[in-house]
Every structure is written in C-alpha cells, then in structure tokens.
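Work through the exercises below with the model open. Try each task before you read its solution.

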Amino acid sequence: MDKTIEMNANPLVEFLRKPSKCFTKADIIAFIREKGIRMIDFMYPAEDGRIKTLNFMINDYAYLETILTDGERVDGSSLFPSFIEAESSDLYVIPRFRTAFVSPFSEIPTLCMLCSFFNKNGEPFECSPERTLHRAAAAFEESTGMTFEAMGELEYYVIADDNGMFPAVDQRGYHESGPFAKFNEFRKQCMAYIAQTGGQIKYGHSEVGNFTQDGKVYEQNEIEFLPNPVETAADQLVLAKWVIRNLAQMNGLDVTFAPKITVGKAGSGLHIHMRMMKDGKNCMIKDHKLSEEARRAIAGMMILAPSITAFGNKTSVSYFRLVPHQEAPTNVCWGDCNRSVLVRVPLGWTSGRDMSVQVNTLEAEANNDTTLKQTVEMRSPDASADIYQLMAGLCVACRYGLEMEKEEALQIATDKYVGIDEAKKGLSKFEQLPDSCVASAKWLEKQRGLYEDKGVFSARMIDGIIRALNKQDDSNLRESAEKDSKLMQKLVESSFYCG
C-alpha cells in the first residue's frame with residue numbers, strides 16, 4: 001500500500017492510483033470520461049496575486065485534446081501590467097497536469113488546472129512568477145545538490161455579524177475552541193476543500209487576533225501546510241486563498257488576508273517554513289542540532305532580508321504590521337523559538353525521545369525519523385506577497401548563503417543570532433527592516449544583481465516590481481497614518497482584499 005495515495009483527499013489521486021506529479025494527459029482524459037466532467041477551467045495567478053480563470057466547454061473529444069495539448073492565448077498586458085505592454089501582449093497558457101483537481105464549487109462538473117505562461121516563440125514567459133520560481137529551484141539544486149522545500153502558514157480574519165454570545169477575550173484567541181471561537185467549522189470546511197484541490201495541510205486553528213467592532217466580530221484563523229517541493233508549495237497557497245474566499249462568499253461571510261485591518265490588533269502574516277533535502281534526508285539538522293548548511297542558508301536570508309520584503313510585503317499596510325510588540329519582526333536577526341525575530345528556528349523534535357510512549361504506556365517505541373520535521377521560518381511576509389516571487393527570493397537567499405565562503409557565512413549567522421536573554425534586552429542593535437514599499441524598492445535595486453544571477457529573476461521583472469513599489473509613494477505614510485485615524489482606515493480599506 002502506497003501511504004501517499006491511500007486516503008488521499010484529491011479525487012484524481014484516488015481514482016488514478018498515482019501521485020499528482022505523475023499525472024499524464026491520458027490520465028486526465030480517462031478521469032474526465034469516467035466522471036462525466038463537462039467543463040475545463042484554466043487558472044493562473046496574475047500580477048495582483050489573485051487567480052484568474054478561463055472556462056472551456058468540452059464540445060467533443062477532439063476539442064478536449066486540443067485544449068489540453070495546445071492551451072489558449074490570453075492578454076498578458078491585462079494580467080501583468082508592470083511587465084507587458086499592450087502593443088505586444090499575447091501570451092499562451094498551457095495547463096500543468098499535475099495540478100488538476102475537481103472544482104468544489106461548480107454546479108457543472110468541472111476540472112481545474114493551473115497553467116504556465118509562454119511567449120509567441122513557444123518559450124516560457126521570462127516574467128512569469130511561476131517560471132521564476134522554477135528557475136530559482138533549479139539553480140538552488142544545481143548549486144547545492146539539495147532540493148528546496150517550503151510550506152506556508154496562511155493567516156486570515158473571518159468577519160460576521162456579532163450576536164453577542166460567548167464573546168472571546170480580546171487578542172486571546174489562540175487555539176480557542178467553540179463556542180468562544182465562532183468559525184472553527186468554517187475553517188474545517190475550508191481545509192477539506194483545500195485538500196480536494198491537492199493541498200497538503202498540516203493543521204488549522206484559531207489565532208491570537210479577535211475583536212468586535214461596529215457590530216461585527218473579527219476572528220483570526222490559520223491554516224498551515226506540510227513541506228513540499230517549493231513550486232508545489234506555492235501552488236497550494238495560491239489555491240488555498242481562492243478556496244477560502246469562495247467558501248466565505250457561499251456562507252455569507254467576509255474574509256481578509258490583509259496584513260493589518262485595525263490599529264492595536266494582531267496583523268496577519270504569511271510565514272514561510274523552509275527545509276533542504278538530499279536523498280530523502282533533511283539537511284537542516286545534524287546530531288540533533290541545526291546543521292552548518294542550515295546556518296549558512298540563514299546567513300543568506302540575513303543579508304537579503306531587506307529586499308525580500310519587495311516580494312513579500314507589497315502594500316503600504318504591510319509595514320503597519322512590522323512594528324514592535326505584535327509578534328512580527330522589525331529587525332534582521334534570528335533565534336530559536338522566538339517570535340520577535342525575523343527567522344525563527346521552531347521546535348524540531350530533536351530530543352531523540354519517544355514522547356508518545358510516555359503517555360501511552362501500552363505502545364512500543366515507534367523509532368520514527370523525526371529529523372524530517374525541522375524547518376526554519378521566515379516571519380516577515382504577508383499575503384500581499386506574490387507567492388511565487390517570494391518563494392523564489394527565499395530560494396535565492398538560501399543559495400547565496402551556501403555559495404558564500406563557509407566561514408564568512410557561519411560568522412554572519414553567529415553575529416545575527418539572538419539568544420533568549422539577549423532578546424529580553426531588545427533587538428535595536430540589529431539592522432531594521434524597510435518601513436515602506438519605497439524603502440523595499442531601494443533595497444531591491446541595491447541587491448538586484450543577486451536575484452538576477454543565474455538568470456533566476458529577469459531584469460524586466462525586477463524593473464516592474466520596483467516601479468510598482470515606488471508608485472505607493474509611502475516613505476512617510478506609516479508615521480502619518482499613526483496620527484490620522486481616517487487616513488489609516490482609508491489605507492486599510494484599500495488593501496482589504498490584497499493578494
């Protein structure tokens with residue numbers, strides 16, 4: 001029995017009896033025939049981070065083959081206005097069979113697939129965020145001999161009318177159960193639908209943030225994923241946001257992934273966990289401790305952290321979240337189990353002890369390989385990010401740290417490390433993260449050569465990102481908004497549905 005197929009929530013995996021990465025065109029057609037699928041949806045995230053959709057009617061078998069083989073053409077200037085001019089805007093979209101899933105929302109049986117973009121010469125579109133991530137992952141593996149894996153923590157607020165019953169304690173909603181947490185069942189339904197799309201979910205829970213305002217209850221939730229190859233991890237996060245929003249609309253709820261929705265309340269992040277794998281082994285840990293390779297990768301993230309915000313924090317409101325005392329990072333440093341640092345090393349089951357047998361005395365020692373669980377977590381990004389660009393940027397940063405002179409990288413890691421006692425004294429000695437989109441753009445311009453190295457990020461894409469960030473014109477906006485509640489509210493409303 002293949003344990004990755006048995007009980008799999010994706011109907012295609014269950015039907016075809018193979019993992020999604022092995023799906024072929026013949027598999028897709030076989031499923032369509034057997035299950036009476038009548039429509040095909042091509043889906044692709046655009047520059048605004050939201051999924052766009054192109055619907056196809058399956059007129060006959062010949063047309064189905066044409067759709068799956070040749071794809072279709074779309075207006076690239078409408079999808080990527082910062083990278084494509086209207087005068088030369090056509091792109092092809094070609095489905096990636098491994099991403100196929102049955103739409104959980106369509107009344108007409110519909111099969112959905114994420115697509116890749118190609119230019120008029122049949123070459124991958126250089127400014128496609130998805131292709132940029134592909135190049136980043138390939139460059140990382142070629143340089144280090146390891147594969148880069150990631151997973152996301154997707155935080156969001158659910159908003160509904162307040163009935164006044166069982167009010168939660170303000171800013172104390174972490175892992176709350178019903179009836180004090182109002183939307184646990186909604187979150188579980190979201191998790192079930194995300195799993196049907198192929199999402200590999202670790203768990204879900206209510207988060208710290210909750211409050212009532214103007215007759216509404218605002219409750220923060222989180223869905224965390226399992227580690228996957230970085231391209232798959234990005235696909236899963238993009239689809240998860242699409243699922244949550246659709247399900248919220250169906251249930252008469254409002255949902256926001258915005259990094260900040262009011263002053264003094266917990267903001268929502270998109271924390272990214274990473275690990276490096278080789279021959280089925282996790283290279284993040286050695287002898288029950290964080291490995292040299294992991295510390296060198298962290299050094300790369302310390303150096304590139306200011307410009308990573310250009311990919312991971314794309315709205316002015318992003319920088320209202322990156323303030324002290326909100327479990328969000330403000331300084332470039334790292335540490336163990338510390339939620340105020342930029343890069344956190346969470347607990348990794350490194351004790352070597354079987355804890356389960358200590359509380360379940362009828363069980364035998366399991367001897368599981370728990371080293372696979374160790375990750376490191378980047379805590380600055382939020383859901384305004386272009387998820388593919390963000391993952392690519394992290395991939396580049398970790399590769400840069402591993403390509404540095406070994407002793408230099410390890411020294412940087414040592415210098416940027418914060419112990420528990422030091423953290424209590426404050427982190428002001430460390431360099432601060434950018435405080436605006438404009439500041440992030442300056443850092444991206446300064447460090448762009450490292451992202452363009454090995455052809456990972458195209459110069460055209462970097463130029464477009466910098467232009468878009470500078471258009472925010474927010475150099476002093478955070479300071480102004482802190483003094484002007486109306487301005488703050490206007491900014492929050494403008495980014496409420498970002499990403």
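**Cysteines, a helix pair and backbone outliers**

The sulfur of C190 is 16 Å from the closest cysteine sulfur, in C112, which is too far for a bond. This is a predicted model, where local features need pLDDT of at least 70, side-chain atom pairs count only at pLDDT 80 or more, and totals for chains, interfaces and linings use all residues. Residues are numbered from 1 along each chain as its sequence is written, and side-chain values use heavy atoms, with hydrogens and water left out.

**Exercise 1. Account for the cysteines.**

How many disulfides does the structure hold?

- Step 1. Set the criterion: a disulfide is a pair of cysteine sulfur atoms within 2.5 Å.
- Step 2. Count: the structure holds zero disulfides. C127 is in none, and its nearest cysteine sulfur, that of C115, is 18 Å away.
- Step 3. Check burial (buried is under 20% relative accessible area, exposed over 50%, partly exposed in between; 1.4 Å probe, protein chains only). C127 is buried, with a relative accessible area of 0%. C190 is buried too, at 0% relative accessibility.

**Exercise 2. Describe how α2 and α3 pack.**

At what angle do the axes of α2 and α3 cross?

- Step 1. Locate the helices, which are DSSP runs (H or I, at least four residues; strands are E, at least two), numbered from the N terminus. Helix α2 covers residues 25-35 and helix α3 covers residues 61-70.
- Step 2. Fit the axes as lines to C-alpha atoms, over the stretch in contact; angles run from 0 to 180 degrees between N-to-C directions. The two axes come within 11 Å and cross at roughly 140 degrees.
- Step 3. Classify the angle: under 35 degrees is roughly parallel, over 145 roughly antiparallel, 65 to 115 roughly perpendicular, and the rest oblique. So α2 and α3 are oblique to each other.
- Step 4. List the contacts (heavy atoms within 4.5 Å). From α2, K25, I28, I29, I32 and R33 meet Y61, L64, E65, L68 and T69 of α3.

**Exercise 3. Find the unusual backbone.**

Which peptide bond is cis?

- Step 1. Recall the norm: most residues other than glycine have a negative phi, and most peptide bonds are trans.
- Step 2. Check omega: the bond from G178 to P179 is cis, with omega near 5 degrees. P179 sits in the loop between β7 (147-161) and α6 (184-196).
- Step 3. Check phi in that loop: H175 lies there as well. H175 is not a glycine, yet has a positive phi of about 60 degrees. H175 is partly exposed, with a relative accessible area of 42%.
- Step 4. Look before α1 (11-16), where M7 lies. Phi of M7 is positive, near 70 degrees. M7 is exposed, with a relative accessible area of 83%.
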